[in-house]
Amino acid sequence: MVRNATWQEVRHLVRASYEEQGIGISPSPAHGYLAYEEDGKVVACQGWRNIGWLYAELCHLYVMPSHRKKGIAKKLVQEAIKRLSAKVILSTVLENNKVSQAVLQKCGFKAVGKCSSPVSGRTLVVFTYVKTE
């Protein structure tokens with residue numbers, strides 16, 4: 001089940017994501033979160049940040065290892081797209097995170113370039129999704 005969530009409910013998942021990817025900084029809360037709940041336990045999350053009226057950023061997508069390969073990440077991204085009023089949605093993914101890149105592409109995002117993270121120096125792939133409705 002997908003539902004709204006608070007930072008307090010999902011911060012352990014976001015931290016787990018950062019640790020798994022070797023990102024040595026503390027994550028900051030997003031503007032909002034969706035949680036995927038199974039048997040009363042939050043097992044995945046998707047965050048977003050609004051950037052004015054036109055843009056939003058998807059961030060902090062994470063699914064616990066024991067719940068992967070079930071389509072949960074795709075459901076969270078699709079639900080976030082539906083709920084956001086922004087017309088252009090951005091997301092950045094570490095270049096070596098092929099699984100997250102594939103999820104975004106399956107949801108209609110297009111890779112538009114690469115940049116270097118000012119914090120970690122690692123290469124990020126930049127994705128965009130444009131709502132046409």
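How many salt bridges does a search of the whole structure find? The search finds eight. The model is a predicted one. The salt bridges are described first, followed by the core, a pocket and two residues with an uncommon backbone angle.

Side chains of opposite charge can pair when their charged atoms come close. Lys 70 and Glu 38 give one such pair, with a nitrogen-to-oxygen distance of 3.8 Å. Lys 70 belongs to the loop between strand 4 and helix 2, whereas Glu 38 belongs to strand 2, so this salt bridge ties together parts that are 32 residues apart in sequence. Both partners are open to the surroundings in part. Lys 70 is partly exposed, at a relative accessible area of 47%. Glu 38 is also partly exposed, at 24%. The cut-off for a buried residue is under 20%.

Glu 38 has further neighbours. Leaving aside residues within four places in sequence, Glu 38 is in contact with Val 43, His 67, Lys 70 and Ile 72. The salt-bridge partner, Lys 70, is thus on this contact list. Leu 13 gives another point of reference for Glu 38. These two residues are 25 places apart in sequence, and their C-alpha atoms are 14 Å apart in space. For Lys 70, a reference point is Leu 124. The two residues are 54 places apart along the chain, and 25 Å separates their C-alpha atoms.

A salt bridge also joins the side chains of Glu 95 and Lys 114, at 2.6 Å from nitrogen to oxygen. Glu 95 sits in the loop between strand 5 and helix 3, and Lys 114 sits in strand 6 (residues 110-116), so the pair ties together parts that are 19 residues apart in sequence. The two partners fall into separate exposure classes. Glu 95 is partly exposed, at 29% relative accessibility. Lys 114 is exposed, with a relative accessible area of 57%; the cut-off for that class is over 50%.

Arg 49 and Glu 57 also meet through their side chains, in a salt bridge of 3.3 Å from nitrogen to oxygen. Glu 57 counts as partly exposed, at 21% relative accessibility. Elsewhere, salt bridges form a network. Arg 3, Glu 9 and Glu 37 are linked in this way.

The next topic is the nonpolar core. In soluble globular proteins, nonpolar side chains tend to be buried together. Here, the largest nonpolar core holds 39 residues. Val 10, Leu 58, Val 77 and Phe 109 have the most contacts inside this core. Both helices and strands contribute. Helix 1 (7-20), helix 2 (72-83) and helix 3 (98-106) are among the elements that give two or more residues. Strand 2 (32-38), strand 3 (41-51), strand 4 (55-63), strand 5 (88-94) and strand 7 (123-130) do so too. Helix 2 gives the most, with six residues.

Which residues does Phe 109 touch, not counting those up to four places away in sequence? The list holds Leu 58, Val 77, Ile 81, Ile 89, Ser 91, Leu 104, Phe 127, Thr 128 and Tyr 129. Leu 58 and Val 77 therefore appear twice, as contacts of Phe 109 and among the residues with the most contacts inside the core.

The second largest pocket encloses about 520 Å³ of space. Its lining has 20 residues, and the closest to the pocket centre are Arg 68, Ala 73, Val 99, Ser 100 and Val 103. Helix 1, strand 4, helix 2 and helix 3 each supply at least two lining residues. Helix 3 gives the most, with five. The lining is mixed in character: eight residues are nonpolar, six are polar and six are charged.

Two residues stand out by their backbone angle. Most residues other than glycine have a negative phi. His 60 is not a glycine, yet its phi is positive, at about 55°. This residue is placed in strand 4. His 60 is buried, with a relative accessible area of 10%. Lys 69 is likewise not a glycine and has a positive phi, of about 65°. Lys 69 is found in the loop between strand 4 and helix 2. This lysine is exposed, with a relative accessible area of 88%.

Terms used: Residues numbered from 1 in each chain as written. Predicted model: local features only at pLDDT ≥ 70, side-chain atom pairs only at ≥ 80, totals over all residues. Heavy atoms only, no water. Core = buried A, V, L, I, M, F, W, Y, C linked by side-chain atoms within 4.5 Å. Buried < 20%, exposed > 50% of the residue type's maximum accessible area, 1.4 Å probe, protein only. Helix = DSSP H or I, 4+ residues; strand = E, 2+ residues; numbered from the N terminus. Contact = heavy atoms within 4.5 Å. Salt bridge = Lys/Arg side-chain N within 4 Å of Asp/Glu carboxyl O. 1 Å grid on protein atoms, 1.4 Å probe; cavity = no way out; pocket = protein on both sides within 12 Å on 5 of 7 lines; lining within 4 Å. Points joined across faces, edges and corners; volume = space filled by probe spheres on them. Nonpolar A, V, L, I, M, F, W, Y, C, P; charged D, E, K, R; others polar.
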